[in-house]
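Hello,

Here is the structure we spoke about handing over. My notes on it follow below.

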Amino acid sequence: MSEQGRFVTIEGIEGAGKSTCMQLAARVISDHGIELVQTREPGGTPLGEELRDLLLGHRHTGMSEDAELLLMFAARAEHLHRRIEPALEQGQWVLCDRFTDATYAYQGAGRGIPKDRISVLEQWVQGARRPDLTILMDLPVTLGLERAGRRSDPDRFEREDLAFFERVRQGYREIAAREPQRVRVVDASRALATVQDEIRGILEAFMEQVGND
Ligand code: Z5A
């Protein structure tokens, strides 16, 4: 049987540059001859993408916080079952734009849902599965919003106020402080080339480390 693949996630508040840097991260990993599945949350499967539309769209603007949380985990359960676990079992790597850290940051720190309720769902849906490496792209909220604000049609989350995104950022930074081995914080406020150099370095060091394990 082939060796288990590795699970890498990219996190950050909106406008941090995750989507931009996903492309670079995918290239760096693939250039090492590693087979890679590139995906995102919420989403990544047909059902997950439909749930994403419900979560981000404006048909249910007043959705309850618990419904939002449960839909995130419903999408995640499907994603793990259909894509993430099968890929990892075949020895492929999975690169995911957001995962459960986003739930602790947005639904936990942002909306105020207690952490222990989220961790019950995390345990239920994921069992022992956690990302092997997370890159947290951190930057001041105003800069992230300014970058993202160039878009025309804000989604349901993008309509939240500054205070919400400050709590989300703080939530992410607390996770990184608790788990410095897994979560590598990148200062995403710098020029794109500098940010991407640092991400390349983190991924190369990680690949070397797991290659030597
Ligand atoms: N969500 C949740 O609540 N709970 C959960 O469990 C999960 C998700 C999984 C969907 O996320 C929403 O779901 C998200 C949280 C919630 N809502 N919010 N907010 P998403 O990842 O699809 O959406 P997003 O965070 O809004 O993505 P984004 O706005 O596309 O941000 P980004 O991917 O980090 O940024 P980007 O598109 O790569 O870059 C934004 C712009 O900045 C773009 O024009 C770039 O060219 C530019 N850019 C990027 N880097 C730089 C640098 N370094 N300098 C200058 N300009 C730059």
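**The ligand and its surroundings**

The shell around the ligand is made up of eleven nonpolar, six polar and eleven charged residues. Please keep in mind that this is a predicted model. In total, 28 residues surround the ligand, and the closest are Ser 19, Thr 20, Arg 52, Arg 98 and Thr 103.

Three polar contacts can be described. The side chain of Ser 19 has an N or O atom 2.5 Å from an oxygen atom of the ligand. Thr 20 also places a polar side-chain atom 2.5 Å from an oxygen atom of the ligand. At Leu 192 the backbone is involved: one of its N or O atoms lies 3.4 Å from a nitrogen atom of the ligand.

On its own the ligand has 1000 Å² of accessible area, and the protein covers 84% of it. Two or more residues of the shell come from each of α1, α2, α3 and α4. Of the elements, α4 gives the most to this shell, with four residues.

**The largest pocket**

Where does the ligand sit? The space it takes is the largest pocket. This pocket holds about 810 Å³ of space. Its lining consists of 34 residues, and those nearest the centre are Glu 14, Gly 15, Lys 18, Ser 19 and Arg 98. The elements that give two or more residues to this lining are α1 (18–30), α2 (46–56), α3 (65–89), α4 (100–110) and α8 (192–212). By class, the lining of the largest pocket has 14 nonpolar, six polar and 14 charged residues.

Ser 19 and Arg 98 appear in both lists: they are among the residues closest to the ligand and among those nearest the centre of the largest pocket.

**The second largest pocket**

The second largest pocket has about 200 Å³ of space. It is lined by 14 residues, with Asp 101, Tyr 104, Glu 122, Glu 179 and Arg 182 nearest its centre. The elements that give two or more residues here are α4, α5 (115–126) and α7 (162–178). The most comes from α5, which gives four residues to this lining. In the lining of the second largest pocket, seven residues are charged, four are nonpolar and three are polar.

The helix α4 therefore deserves a look in both places, as it is listed for the lining of the largest pocket and for that of the second largest pocket.

**Two points in the backbone**

Which peptide bond is cis? It is the bond from Glu 41 to Pro 42, with omega near -10 degrees. Pro 42 is found in the loop between β2 (36–40) and α2.

The other point concerns Arg 98, one of the residues closest to the ligand. Its phi is near 75 degrees, which is a positive value in a residue other than glycine. Arg 98 belongs to the loop between β3 (93–97) and α4.

Regards

Conventions
Residues numbered from 1 in each chain as written. Predicted model: local features only at pLDDT ≥ 70, side-chain atom pairs only at ≥ 80, totals over all residues. Heavy atoms only, no water. 1 Å grid on protein atoms, 1.4 Å probe; cavity = no way out; pocket = protein on both sides within 12 Å on 5 of 7 lines; lining within 4 Å. Points joined across faces, edges and corners; volume = space filled by probe spheres on them. Nonpolar A, V, L, I, M, F, W, Y, C, P; charged D, E, K, R; others polar. Near = heavy atom within 4 Å. Polar contact = N/O pair within 3.5 Å; in protein donor to acceptor, adjacent residues only side chain to side chain. Areas by Shrake-Rupley, 256 points an atom, 1.4 Å probe, with all protein chains shown as cover. Sits in = over half its atoms within 2 Å of the grid points.
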